[in-house]
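Good morning, everyone, and thank you for making the time. I would like to walk slowly through one structure today, so please have it open in front of you as we begin.

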Amino acid sequence: MKVKLTMMWKDALESLVKSPATQRYPFVRLSAPDQLRSKLHWNLENCTGCGLCAKDCPADAIKIIVLDKKAKRFVFRYQVDHCTFCSQCVVSCRQDCLSMANNEWELAALNKDKFTVYYGHASDVESVMEDESDAENGEPAGV
Amino acid sequence: MTGSDDNLWQGDVEKLKGLVSERALTGETMVLNMGPQHPSTHGVLRLLLELDGETVVTCVPDIGYLHTGIEKNMESKRYEQSIVMTDRMDYLSPMGNNLVYCLAMEKLIDLDVPPRAQVIRVLLSELTRINSHLVWLGTHALDIGAMSVFLYCFRERERLLDIFEMVSGQRMMSTYFRPGGVWRDVPAEFEPAVRDFINYFPPRVDDYEKLLTNNPLWLDRTQGIGFISADDAIRYGCSGPTLRGSGVNWDIRKALPYSGYENFDFDVPLGQHGDVYDRYLIRIEEMRQSLRIVEQALDKLPDGPVRSNNRKYVPPPRSELGQSMEAVIHHFKLWTEGFRPPVGEVYQRIESPRGELGCYLVSDGEPKPWRVHFRTPSFIHLSVLPLMSKDHLIADLVGIIGSVDIVLGDCDR
Ligand code: SF4
Ligand code: SF4
C-alpha cells in the first residue's frame, strides 16, 4: 500500500509543477511526421488521363473527367470524405502526378461541399462544376 | 415485464420464448436490455438479460449493430485493394488484421517475404499487441472503477500511435503490411523511438500492477468472477488470453509459428483459475513478453529489401519505372487488372491480441477473391459470455465483458 501511495503522490506533485501534457490547440499545432498521409494533391503537368488512380482507389474517391484528351484538359475530382488515405493512387500513378500532403490533417468541415475538391485549370473546373450541379438539380444532361 | 402495461412493453413476448426462462414470461424475473449504447459493452453490443434481483439468470448477446459488410465488400475488390478494409475490422489491432490477410494471400500465391520485412512485421505486430492491451486495460479498469489506470494507459498508448504514424503515415488505419512485405521501409527515426519506448515502458507496467494487482477492491471485483474451465474454453473455441487464463497452453506464435516467430525467445503466461483476474494477469505479462520480442527484433533487424521481387505479384519500385520497359508493363498490368492467383483455398491464422484470428480465402482464379472469411476471436468469445456471467451479479457483468476483450468491429464484419 505504501509503495502505491508514493507513486501516486510523486505523480501528483510532479503534475503540479509540470506544464500540461496536452497542447493548447488550435493556438498551438503539433507538427505531423513527414510520412503522414493526409490530403491528396494532383499535378496536371504529367497526367496522361490514364485513369489508373481512379480504377485502383478502393473507396471510389477519384474521378478523372476528360474534357479533351489531346489538349490535356483533365479535371481531377477528389472526394476527401470518401478517401481512406491509403495512398494506393499515389503508388498506381506512373507519372508521379499524385502526392499526399503531410500537414493538411484538419479536414473537418461544417459544409459538405468542402469535401469535394476539383483540381485542374480554373475554366475547366468551372465548366465541370456547372455540369455536375445541373445534373444534381435534375436537368436533363443533353438528352 | 408482465405485458400488462402497453407503455412499457411493445415487443412480442413470443420472440422471447426460448431465449429466456419460463419464469421471465410470468414476470417472476425481469428482462432488461443492456446496450447497444452502453459504455461498458465496448462498442455496440446488446445484451438481453434476465435478472433475478441483481443476479444474472440468462444473458443473450445480440450482435449486428456494427455490421460493416467488409467480407462481402472484399469480393468486389481486387486482392490488394482490400487491405485497407482489414484495418477497420479490429480497430485496436489494425496491423494484426493486415498481417493475417497478407499472410493468407502470400500462402495462396506462394509469395516470399524478405527477412527484413518479416522482422518489421513481427516488431510492429507486437507493438500493436501492447497498444491493444493498453486500451483493454484502461477501459477494463475504468469499467470496474479504477479511473487513473485509464489515463496512464492512454498516455503510454500515445507513444505507440506516434510510432505507427511515423512508419505508416497513419495512427490507426495503417494499411502498412502489403503482400510480399511492407509498404515502405521504416524511417531513420524509427529505431531510436522504439528504443526509447523499450526503456520507458517496463516501469509503467509495474505502475499499473502497483495500482491493481494487489488492490483489495480489484481482487474483490475480479477473483472468482467469470470463471470458465479449460474444457469449456476448448469446447467453445476460445483462444488467446481467454483460453490461456484457464491454463491451456496454446499460443499460435509457438504452436504454428508464422513470420519467423520461432526465432524469438518469449514466454507464454498461463493462468490457473480461469477467472477475470487471471485473464488480467496474463495480458499484463503479455505486454512484458511482447516488449521482449520487440527488443530482440530491433537488435536483429537485418538490412535488405522490404518487399519481394516477384514481379508477377509485387509492383516494381518507382525508381525502376523510368528505366525499364518491363517494369512499366508489370506496373501497368498489376494496377489495371491485378494478379490472378491459382484456383484454391487457404486458411491462415495468427495470434492476435484477442486470440486466434484466421483468414479463409477462396480463389477461383480471378483477380478478385471468390470468398473471404475472417474467423475472429471477438465473435467466438461472445458466445461464452452467457456461460461466464451465469449467476453473477449484474455489476460483475461489465468486468466479465471487459475480461474477454471484445471489439465489436472484429465481431461484425
Ligand atoms: S488515398 Fe486511397 S482512398 Fe484516397 S484517393 Fe487515393 S486510392 Fe483512393
Ligand atoms: S494515374 Fe496518374 S497519370 Fe493516370 S490519370 Fe491518375 S493522375 Fe493521371
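How do the residues of the shell around ligand 1 divide into nonpolar, polar and charged? Before I answer, please keep in mind that what you see is a predicted model. The shell around ligand 1 holds 10 nonpolar residues and 3 polar ones, and no charged residue is found in it. There are 13 residues surrounding this ligand, and the closest are Cys57(A), Cys83(A), Cys86(A), Gln88(A) and Cys89(A).

Now please turn to ligand 2, which has 14 residues around it, and where Cys47(A), Cys50(A), Cys53(A), Cys93(A) and Cys97(A) come nearest. The shell of ligand 2 divides into 9 nonpolar and 5 polar residues, again with no charged ones.

Staying with chain A for a moment, I would like to point out two details of its backbone. The peptide bond that leads from Tyr25(A) to Pro26(A) is cis, with an omega near 10°, and Pro26(A) has its place in the loop between α1 and β1 (40–42) of chain A. The other detail is Lys72(A), which sits in the loop between β2 (62–68) and β3 (73–79) of chain A, and which has a phi near 55°, a positive value in a residue other than glycine. Is Lys72(A) buried, exposed or partly exposed? Lys72(A) counts as partly exposed, because 16 other C-beta atoms lie within 10 Å, whereas a residue would need 20 or more to be called buried.

Let us move to the place where the two chains meet. Here 18 residues of chain A are in contact with 19 residues of chain B. On the side of chain A that touches chain B, the helices α1 (2–17), α2 (52–56) and α3 (88–92) each supply at least two residues. That side of chain A is made up of 9 nonpolar, 4 polar and 5 charged residues.

Chain B itself contains 19 helices and 8 strands. Its radius of gyration is 23 Å, close to the 22 Å that the globule rule gives for 413 residues, so chain B is as compact as a globular protein of that length. If you follow the C-alpha trace of chain B along its principal axes, the trace spans about 80 × 50 × 35 Å. Buried residues make up 48% of the 413 residues in chain B, and, of the contacts in this chain with a separation of 6 or more, 68% are between residues 24 or more positions apart.

What lies at the heart of the nonpolar packing? The largest nonpolar core has 118 residues, and those that touch the most other members are Val100(B), Ala104(B), Ile120(B), Leu123(B), Ile163(B) and Leu385(B). The largest share of this core, 14 residues, is supplied by helix α6 (residues 115–144) of chain B. As general background, nonpolar side chains in soluble globular proteins tend to be buried together. To take one member of the core, Ile163(B) is in contact with Leu127(B), Ala193(B), Val194(B) and Phe197(B), once its neighbours within four places in sequence are left aside.

Helix α6(B) deserves a second look, since 27 of its 30 residues are buried. From its first C-alpha to its last, α6(B) reaches 43 Å, close to the 44 Å expected at 1.5 Å a residue. Just after this helix, Gly145(B) takes a positive phi of about 120°.

I will finish with two residues of chain B that can be set side by side. Phe201(B), found in helix α8 (residues 190–212), is buried, because 20 other C-beta atoms lie within 10 Å. Apart from neighbours within four places in sequence, Phe201(B) is in contact with Glu156(B) and Leu291(B), and the C-alpha atoms of Phe201(B) and Glu156(B) are 7.6 Å apart although the two are 45 residues apart in sequence.

Pro302(B), by contrast, lies in the loop between α13 (276–299) and α14 (318–321), and counts as exposed because it has 11 C-beta neighbours inside 10 Å. Even so, not counting residues up to four places away in sequence, Pro302(B) touches Pro115(B), Arg116(B) and Val119(B). The C-alpha atoms of Pro302(B) and Arg116(B) are separated by 5.2 Å, with their positions 186 residues apart along the chain.

Note on methods. Residues numbered from 1 in each chain as written. Chains lettered and ligands numbered in written order. Predicted model: local features only at pLDDT ≥ 70, side-chain atom pairs only at ≥ 80, totals over all residues. Core = buried A, V, L, I, M, F, W, Y, C linked by C-beta atoms within 7 Å. Buried ≥ 20, exposed ≤ 12 C-beta atoms within 10 Å, placed from the backbone. Helix = DSSP H or I, 4+ residues; strand = E, 2+ residues; numbered from the N terminus. Contact = placed C-beta atoms within 7 Å. Nonpolar A, V, L, I, M, F, W, Y, C, P; charged D, E, K, R; others polar. Expected span 1.5 Å × (residues − 1). Near = placed C-beta within 6 Å. Rg over C-alpha atoms; globule rule 2.2 N^0.38 Å.
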